[in-house]
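Trainee: Could we go through this structure together, with the reasons behind the labels?
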Amino acid sequence: MKTVINNYIREEMFPNMWCPGCGNGIVLGAIIRAIDDLSWDKDKIVAVSGIGCSSRITGYVDFCTMNTTHGRALPFATGIKMANPDLKVIVVMGDGDCSAIGGNHFIHAARRNIDLTAIIINNMIYGMTGGQYSPLTPTGKYGSTAPYGNIDQSFDLVELAIAAGASYVARGTVYNPRQSTSLIKNALDKKGFSVVEIISDCPVSYGKMNKMKSPADMLKWIKDITVSKKVWEGFSPDEKKGKYAIGEFLSKDRPDYTELYEEIIKKAQERGGNK
Amino acid sequence: MKQEKLIEVYQNNSVKISIRREWCKSCGICVEFCPKDVLVPDNQGKPIPENIDACIKCSLCELRCPDFAITVEGVEEKDE
């Protein structure tokens with residue numbers, strides 16, 4: 001049973017360490033299929049991750065990989081891209097890694113519009129450390145640190161990325177793997193900072209605390225809370241509560257940071273700077 | 001513990017479904033969301049394509065499998 005997947009994974013690392021039904025594996029499959037569609041040379045791809053269950057992805061893919069510190073995947077990736085702009089740099093983060101610990105790095109990578117692809121696996125909880133609520137846990141849902149329900153307002157990562165200046169912003173789910181694959185493919189292909197949030201399931205930490213015992217229950221819930229962007233736009237504010245729009249939200253062209261930096265190097269050299 | 005290295009292959013004249021049992025974690029996603037109820041869980045919760053003739057090769061089980069444990073391939077019919 002050889003599939004495209006086998007060409008891009010470190011088979012000796014499998015079966016993966018994720019819990020049964022974890023969405024990380026579904027996202028990993030979508031990333032690999034998107035890269036295969038683009039026929040990229042896997043030695044020219046760098047996958048960078050931080051800390052969390054989702055960050056284990058870099059251990060399973062046969063690219064150049066780097067597992068960094070919590071929330072700091074984007075700064076490391078920025079360094080890699082600046083040093084060698086020819087590399088394709090993919091950053092995989094979880095919701096806590098991206099929006100809490102690495103929140104500042106996220107908005108500033110978007111502001112600079114550096115040519116990276118950020119894939120955020122949003123399972124709406126800190127899964128690895130035991131189910132503490134994250135900035136993306138919906139209001140009213142339960143976590144080990146919110147036994148009476150979460151009173152925080154959650155971030156809308158799509159709106160945050162658009163406001164911060166990203167070039168490409170999309171949201172998919174693990175229930176819709178074909179759509180997610182094509183969104184990731186578009187994001188990888190886009191010059192500039194691309195963001196794809198994939199709503200994922202954590203049956204063990206999130207599901208158990210929110211009355212969804214099985215992975216299938218969680219996927220059904222994800223199906224129920226998501227609507228296409230087109231349907232979403234016709235919704236009243238009341239109908240939008242507790243729902244997520246999925247699809248492509250932004251794809252615009254803006255000079256990316258590495259291009260601008262090249263121009264600065266040229267300018268400095270013309271004025272007699274060191275070559 | 002001795003690891004199973006078994007890949008089970010089920011085939012009819014239009015489709016070949018392979019299941020890598022050592023990678024499967026019995027999460028039940030493929031069984032639950034098969035639109036044609038092709039897959040039935042065995043006593044360990046791992047899928048068996050009992051109704052393989054109903055398979056429409058949508059590959060959703062393959063795409064949603066978090067463990068790359070199931071694949072669906074079309075079988076080309078041979079001219080005789």
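Mentor: Sure, start with chain B: strand β2 (residues 15-20) runs antiparallel to β5(B), and five bridges join the two. This is a predicted model, where local features need pLDDT of at least 70 and side-chain atom pairs 80 or more, while totals for chains, interfaces and linings use all residues. Residues are numbered from 1 along each chain as its sequence is written, chains are lettered from A in the order written, and side-chain values use heavy atoms, without hydrogens and water.

Trainee: What makes β2(B) and β5(B) a pair?

Mentor: Two strands (E runs of at least two residues in DSSP) pair if DSSP finds at least two bridges between them. β2(B) and β5(B) have five, so they pair. I19(B), for one, stands opposite I70(B) in β5(B).

Trainee: Why are β1 and β5 of chain B edge strands?

Mentor: The open sheet has the order β1-β2-β5 in chain B. β1 (7-11) and β5 (70-74) each have a single partner strand, so one side of each lacks a neighbour in the sheet.

Trainee: How do you know which residues line the largest pocket?

Mentor: A pocket is an open set of points on a 1 Å grid over the protein atoms alone, where a 1.4 Å probe fits, with protein on both sides within 12 Å along at least five of seven lines; lining residues have an atom within 4 Å of a point. For the largest pocket that gives 19 residues, with S154(A), D156(A), K240(A), G242(A) and K243(A) nearest its centre. Among the elements giving two or more of them is α6 (157-164) of chain A.

Note on methods:
Helix = DSSP H or I, 4+ residues; strand = E, 2+ residues; numbered from the N terminus.
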